[in-house]
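Welcome! Have a look at the sequence and the model below, then try the exercises one by one before reading each solution.

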Amino acid sequence: MALLLDPLFSPKSVAVIGASANQDRTGYKFTHELLMRFPGKVFPINPKGGEVDGRPMYKSMAEAGEPADLALILVNKKAALAAVTDCAVHGVKVGVMYTAGFGEMGEEGARIQQEMVRVANEHGMRLVGPNCMGVFSHPAGLNLTGEEIPGGDIALISQSGNIGFSLWYDAANYLHTGFSRFVGFGNQADIAVHEYIVYCADDPMSKIIVIYLEGLRPGSGLDFIRSASAAAKKKKAQKNSHSLHITNDSRRTKNCPAAVWHILLSLHLWRKKKYGDRAIDSSAVSPARHHAVSQTYREYRCKQAPSSLPYWRR
């Protein structure tokens, strides 16, 4: 299963469906970021053609002339199914559907979402999302989130993009650490959360796995439990790897992202002090305990990290 997600976290080529030459558009910002930083091939796709940053924009994946490992799909809801079809038919391995307004918005949206998954899977393509905040892979030089993310060794699998925003900022400014992988999986219409867990469990670049979960896809509960249990055991066995942490949107963690930040702090404290493997349900940890761990960790970091360290530790 882990190999099936290699095109997502280690792509050699990326297509931007909905690329734009207009610097005020999201399609330009993502395309520009990829052209500047991503080491692989980039295929900007816009049905009107044209250029972006001196590079040609193809009118379709067919015109691009070769398949992409990964496609970031930024088009509106009405054009989403056609975009998925174009990608799937022309060999794209994984699509990231950034667009919202599908299964979370009623029956019609759910119908379109189901059809997108059907078309994608029919041609061997997997789909992240829809209604997701993209993907980040530090080892691959890939950032499809639109935000600056510090590099490090934490894998964050989150159903909420807002959780990611808070943790990226706090990791850079308070923790002197960062992230190896991130995926905001949104509606998980196709790829379920347990598949991401399996990938990160086998990933030597991810020493800690943090999961923020609002709900499981129907019928995937047992797979989730098994993958989480296996991941905790694998991380314990891997050298310098220690932790799996799962939190959900329960009554005690409604004050997210602060609660999740405290979880991350506690994981780092346990890891740095070599407390070994931990798999913890944050709903069982009181807010007072989170605050105490936060304060302890800050004091610990001040003693351990010289001021000469960069704002993140790679």
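## Exercise 1: Ser180 and its surroundings

Ser180 belongs to strand E11, residues 179–184. This is a predicted model, in which local features need pLDDT of at least 70 and side-chain atom pairs count only at pLDDT 80 or more, while totals for chains, interfaces and linings use all residues. Residues are numbered from 1 along each chain as its sequence is written, and side-chain values use heavy atoms, with hydrogens and water left out.

**Task.** Work out whether Ser180 is buried or exposed, and find which residues Ser180 touches.

**Solution.** Start with the element names: helices (H or I, at least four residues) and strands (E, at least two) are DSSP runs, numbered from the N terminus. Next comes accessibility, where buried means under 20% relative accessible area, exposed over 50%, and partly exposed in between (1.4 Å probe, protein chains only). Ser180 has 1% relative accessibility, so it counts as buried. Finally, look for contacts, meaning heavy atoms within 4.5 Å. Leaving out residues up to four places away in sequence, Ser180 touches ten residues' worth of surroundings that include Phe136, His138, Gly152, Ile154, Met205 and Ser206.## Exercise 2: Helix H5

**Task.** Find which residues of H5 are buried, and what covers them.

**Solution.** First, the helix itself: H5 covers residues 107–122, and its 16 residues reach 22 Å from the first C-alpha to the last, close to the 22 Å expected at 1.5 Å a residue. The expected span is 1.5 Å times one less than the number of residues in a helix.

Second, pick out the buried residues of H5: Gly109, Ile112, Gln113, Met116, Val117, Val119 and Ala120. Seen down the axis of H5, these buried residues fall within an arc of 165°, so they line one face of the helix. The arc is that of the directions from the helix axis to the C-beta atoms.

Third, turn to the face of H5 directed away from the buried side, where the exposed residues Glu107, Gln114 and Glu122 are carried. The cover over the buried residues includes helix H4 (77–89), strand E6 (94–97) and strand E7 (126–128). After H5 comes Gly124, with a positive phi near 80°.

## Exercise 3: The open sheet

**Task.** In what order do the strands of the open sheet of 5 strands lie, and which are the edge strands?

**Solution.** Two strands pair if DSSP finds at least two bridges between them. Reading across the open sheet gives E2-E1-E5-E6-E7, with parallel pairing. Strand E2 (41–45) and E7 are the edges, as each pairs on one side only. From one strand to the next, the twist averages 20°.

Now zoom in on one pair: strand E5 (residues 70–73) and E6 run parallel over 4 bridges, and Ala71 has Gly95 in E6 as its bridge partner.

Then add the helices. Helix H2 (residues 26–37) packs on the sheet, touching strand E1 (13–17), E2 and E5, and its direction makes about 165° with that of E1. H4 also packs on the sheet, in contact with E1, E5, E6 and E7, at about 170° to the direction of E5. For these angles, axes are lines fitted to C-alpha atoms, for helices over the stretch in contact, and angles run from 0 to 180 degrees between N-to-C directions.

## Exercise 4: Strand E12

**Task.** How many residues of E12 are buried, and which way do they point?

**Solution.** Strand E12 spans residues 208–213, and 6 of its 6 residues are buried. Ile208, Val210 and Tyr212 point one way, while Ile209, Ile211 and Leu213 point the other way. For the pairing, strand E10 (residues 151–158) joins E12 in the parallel sense over 5 bridges. Within that pair, Ile154 has Ile208 as its bridge partner.

## Exercise 5: Two nonpolar cores

**Task.** Which residues of the largest nonpolar core touch the most other members, and where is Met61 found?

**Solution.** A nonpolar core is a set of buried Ala, Val, Leu, Ile, Met, Phe, Trp, Tyr and Cys residues joined through side-chain atoms within 4.5 Å. In soluble globular proteins, nonpolar side chains tend to be buried together.

The largest core has 43 residues, and Leu8, Leu70, Val128, Leu142, Ile157 and Tyr196 touch the most other members. Helix H7 (residues 193–201) gives the most to this core, with 6 residues. A second, separate core of 25 residues includes Met61, Ala83, Val84 and Ala189.

Met61 is found in helix H3, residues 61–64. With a relative accessible area of 1%, Met61 is buried. Met61 and Ala15 are 46 residues apart in sequence, yet their C-alpha atoms are 8.2 Å apart in space.
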